Amino acid sequence: MREFARVQEQALSLDSFDPIQSFPECGGIDIFIGTVRNHHEGKAVKALKYTSYTPVAEKMIREIEQQIKDKYQVSYVRVIHRIGYLEVSETAIIAIAYAAHRREAFQACEEAVERVKHEVPIWKEEFFMDGTSQYVEGCCIRKDTPVPASRAGQHVHQPDHENCTHAHTHE
């Protein structure tokens with residue numbers, strides 16, 4: 001099996017993954033490719049910047065892959081996530097699953113993406129065309145802990161990692 005970093009600063013490629021020919025027992029392949037879109041909640045997006053705590057992110061992605069492989073009894077699950085500054089249309093994440101049947105491949109790939117996006121310490125900051133930016137919910141940025149209006153434009157840190165909230169405004 002090919003070995004590669006799950007968190008990468010260079011452009012992502014499907015060439016990183018093991019080919020389906022290495023898994024003759026598999027008849028289903030599911031691939032998710034997430035790219036930077038040009039809008040978010042009605043605002044025009046200029047670019048994104050992903051940052052991570054890479055040693056932990058690498059370990060967590062590998063653990064998630066193994067857990068999903070075991071849960072769905074699939075032969076292969078891999079996820080790679082880009083960090084750094086990404087322009088609109090650049091690839092931010094690729095997830096792939098090989099399974100005997102399509103249903104398991106779909107389920108494994110979807111869960112891999114969701115878990116990486118919501119559990120792994122990779123943070124996404126969106127830069128808007130109007131010059132503002134904000135961190136987007138994900139690892140420790142959740143909808144259920146909004147930034148109080150009186151603290152907008154500041155970093156807000158709460159002691160519990162699960163409830164950490166960030167917001168930035170650049171003028």
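**Entry 1: Arg6 and Phe4**

I began with Arg6 and found its charged end over the ring of Phe4, 4.5 Å from the ring centre. I note at the outset that this is a predicted model. I then counted aromatic pairs in the structure and obtained five. In one of them Phe4 meets Phe17 edge-to-face, with the centres 5.6 Å apart and the planes at 75°. Phe4 belongs to the segment before strand E1 (7–8), whereas Phe17 sits in the loop between E1 and strand E2 (28–35). The two are 13 residues apart, and their pair links distant parts of the chain. I checked the accessibility of both partners and recorded Phe4 and Phe17 as buried.

**Entry 2: the tyrosine pair**

I next looked up Tyr76 and Tyr98, which form a stacked pair at 4.8 Å centre to centre, with 20° between the planes. Tyr76 is in strand E5 (residues 76–82) and Tyr98 is in strand E7 (residues 91–99), so this pair ties together parts that are 22 residues apart in sequence. Both Tyr76 and Tyr98 came out as buried. I followed the rings further and found that Phe23 joins Tyr76 and Tyr98 in one aromatic cluster.

**Entry 3: Lys43 and its partners**

I turned to Lys43, whose charged end sits over the ring of Phe128 at 4.2 Å from the ring centre. Lys43 also forms a salt bridge with Asp130, with 3.4 Å between the closest N and O atoms. I placed Asp130 in the loop between strand E8 (122–128) and strand E9 (133–136), and Lys43 in strand E4 (residues 43–52); the pair therefore ties together parts that are 87 residues apart in sequence. For exposure, I recorded Asp130 as exposed, at 52% relative accessible area. I recorded Lys43 as partly exposed, at 31%.

**Entry 4: other salt bridges**

My count of salt bridges for the structure is ten. Among them is the contact of Lys59 with Glu63, at 3.4 Å from N to O. These two residues are four positions apart in helix H1 (residues 54–72), which means that about one helical turn separates them. Lys59 counts as exposed, with 54% relative accessibility, and Glu63 as partly exposed, with 36%.

I also examined Arg82 and Glu90, whose side chains meet in a salt bridge at 3.1 Å, N to O. Here Arg82 is buried, at 10% relative accessibility, while Glu90 is partly exposed, at 25%. I then traced shared partners and found one network of salt bridges that joins Glu3, Arg6, Glu58, Arg62 and Glu65. Arg6 is the residue of my opening entry, where its charged end sits over Phe4.

**Entry 5: cysteines**

I searched the whole structure for disulfides and found zero. I looked up two cysteines for their accessibility. Cys26 counts as buried at 12%, and Cys109 is buried at 1%.

**Entry 6: the chain as a whole**

I closed with the overall account. The protein chain contains two helices and eleven strands. Their order along the sequence is β-β-β-β-α-β-β-β-α-β-β-β-β. Of the 171 residues, 46% are buried. I took the contacts with a separation of 6 or more and found that 67% of them are between residues 24 or more positions apart. The chain exposes about 9400 Å², and carbon and sulfur atoms supply 50% of that area.

Definitions and conventions. Residues numbered from 1 in each chain as written. Predicted model: local features only at pLDDT ≥ 70, side-chain atom pairs only at ≥ 80, totals over all residues. Heavy atoms only, no water. Buried < 20%, exposed > 50% of the residue type's maximum accessible area, 1.4 Å probe, protein only. Contact = heavy atoms within 4.5 Å. Areas by Shrake-Rupley, 256 points an atom, 1.4 Å probe, with all protein chains shown as cover. Phe/Tyr/Trp six-rings, centres within 6.5 Å; stacked < 30°, edge-to-face > 60°. Lys NZ or Arg CZ within 6 Å of the ring centre and 35° of its normal. Disulfide = S-S within 2.5 Å. Salt bridge = Lys/Arg side-chain N within 4 Å of Asp/Glu carboxyl O.
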